[in-house]
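Reader: I would like to know how the descriptive terms for this model are justified. Please take them one at a time.

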Amino acid sequence: MSSALETLRRDFGGDIIEPGGAEYESASRSVLASGSPAYVLRPKSVGDVQAGVRFAADAGLSLSVRGGGHAFPGFGTNDDGVVIDLGNLANVEIIDNERHVVRIGGGATWGQVAAALAPHGLAISSGDTKSVGVGGLTLTGGIGWKVRKYGLALDNVVAAEVVTANGQVVRASAEENPELFWAIRGGGGNFGIVTAFEFVAHRTTDVYYGKIAFPASEAAGVLQGWADYLRTAPEELTSIASFANPFAGGPEAPVEIQVAFDGDDPELAAQAIDPIRRLGTVIDDDVALKPYADTLVEGATPPPGIRLVTRSAFADKESVPEVLQILAEVGASERSPFIAVRSVGGAVSRVPDDATAYAHRQAELMFVTTTAGPEPVVEAARPALEAIWRRLAPHVNGAYANFLASATEEDVAAIYPTETYKRLAAVKRQYDPGNLFAGNHNVRPQ
């Protein structure tokens, strides 16, 4: 350890934060988890990342990689190990004006990206929260307000710079290390640290964005009508339905249909959005034209002691009626979790199933349940939550890694079907045979 640490202090040009240091308390935790790592490293260069990886490997310490730090299972911190915090590697640079190729540092957040691209009239299909990291979201999916027109965030990646477990820097693209390129688009942080992404951005206008709310009593009909409509709606329209919000009345909370229409033509927007308005009794409607960057919301940090438990799954077309019926019934009950249902399909489903390691191309909906509160409250809610998921089990499949609070073998199996997992494991064996990058929904080398 002493020689490894001496080498780190010699080679590392960023900040090394240790217990007792002035910044340790804040540096030791991620947004959703607390930890007590032995070292938090804040690299200022790719060379620093290489030095940090080599240190963790040589010292035999567990390694966590932090981008935005929003992983629900707390992947961005650990106890007694090394955390590499990429926050200083956050540059956003247009490197090809004709193709709109944007190079983004692995520690950037989507808010930083949206703000940097807005003056150029460009955008990238991304998540919906400013403080969420580009890396964590992209490596496992990226379902945001342009997903039906432009696909997942990872569908817009054309290359990546990756520091692998041996401390080497490799480039992954369709032409260079193509199997690694396949794996990082859906396979999470299993294969190395992405220090930079290259995305193809697209021209964007202002967008029509907001929510349309209906009474809780109309939930069942509104949800079914919404899903039926989204099946044939213009791909410029992306939408999320949420209900049973505990902060807005729980089972009495309105059903909120959030919409984003990717365009600034008022007539086309009305044609796309009005069928949703006709689904029931509208009690609130704040849809308005606004800059795309303004559709991204601020990310909330839970107060100390508050735990968030999220769980997700996908529904294919044939199971949508059953899933929505169950969710509507659950949402009307006193012990309902907060429920959100996202429309996918569109551009996502047109990418071949084996083109990337993201394995749920043909799903029509992705839905999430969330329970929040102090540990005793969350534990008390567990039996009811498990009962809900037992009801759903025959009708749903898979899981979306970005909305999972756990990282069990069952979770990994849900994220990665058997054939996808086998292919990922082969890539893992090549690039990380010792499983240094295990702080994730872990694919083990085979």
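Author: The model is a predicted one. A start can be made with strand β8 (residues 157-163), which is joined to strand β9 (residues 169-173) by five bridges, the two running antiparallel.

Reader: What makes β8 and β9 a pair of strands?

Author: Pairing requires at least two bridges between the strands. β8 and β9 have five, so they count as paired. One of these partnerships sets Ala 159 against Ser 173 in β9. The two strands form a hairpin with five residues between them, and Gly 167 in the turn has a positive phi of about 80 degrees.

Reader: How do you know that β8 also pairs with β10?

Author: The same test is applied. Six bridges join β8 to β10 (residues 193-200), and the requirement is at least two, so this is a pair as well. These strands also run antiparallel, and Val 162 stands opposite Val 194 in β10.

Reader: Why is β8 described as mostly covered?

Author: A residue is buried when its relative accessible area is under 20%. Six of the seven residues of β8 are buried, so the strand is called mostly covered.

Reader: Why are helices α10 and α12 called roughly antiparallel?

Author: Helix α10 (residues 320-331) and helix α12 (residues 375-392) pack at an angle of about 160 degrees, with their axes 10 Å apart. Angles over 145 degrees count as roughly antiparallel, and therefore the term applies to α10 and α12. Their crossing is right-handed. On the α10 side the contact is made by Val 323, Ile 326, Leu 327, Glu 329 and Val 330, and on the α12 side by Ile 388, Arg 391 and Leu 392.

Reader: Why is Asn 442 classed as it is, buried or exposed?

Author: Asn 442 has a relative accessible area of 11%. The limit for buried is under 20%, so Asn 442 is buried. Its place is in the segment after α14 (418-431).

Reader: What makes the links from Asn 442 to Asn 190 and to Asn 435 polar contacts?

Author: The distance limit is within 3.5 Å, for a pair of N or O atoms of which one can donate a hydrogen and the other accept it. The side chains of Asn 442 and Asn 190 are joined at 2.9 Å, and the side chains of Asn 442 and Asn 435 at 2.7 Å, so both are called polar contacts. Leaving aside neighbours within four places in sequence, the residues in contact with Asn 442 also include Val 412, Tyr 421, Lys 428 and Phe 437.

Key: Residues are numbered from 1 along each chain as its sequence is written. This is a predicted model: local features need pLDDT of at least 70, side-chain atom pairs count only at pLDDT 80 or more; totals for chains, interfaces and linings use all residues. Side-chain values use heavy atoms; hydrogens and water are left out. Helices (H or I, at least four residues) and strands (E, at least two) are DSSP runs, numbered from the N terminus. Buried means under 20% relative accessible area, exposed over 50%, partly exposed in between (1.4 Å probe, protein chains only). Contact means heavy atoms within 4.5 Å. Axes are lines fitted to C-alpha atoms, for helices over the stretch in contact, and angles run from 0 to 180 degrees between N-to-C directions. Angles under 35 degrees count as roughly parallel, over 145 as roughly antiparallel, 65 to 115 as roughly perpendicular and the rest as oblique. A crossing is left-handed if the near helix is turned anticlockwise from the far one by less than a right angle, and right-handed if clockwise.
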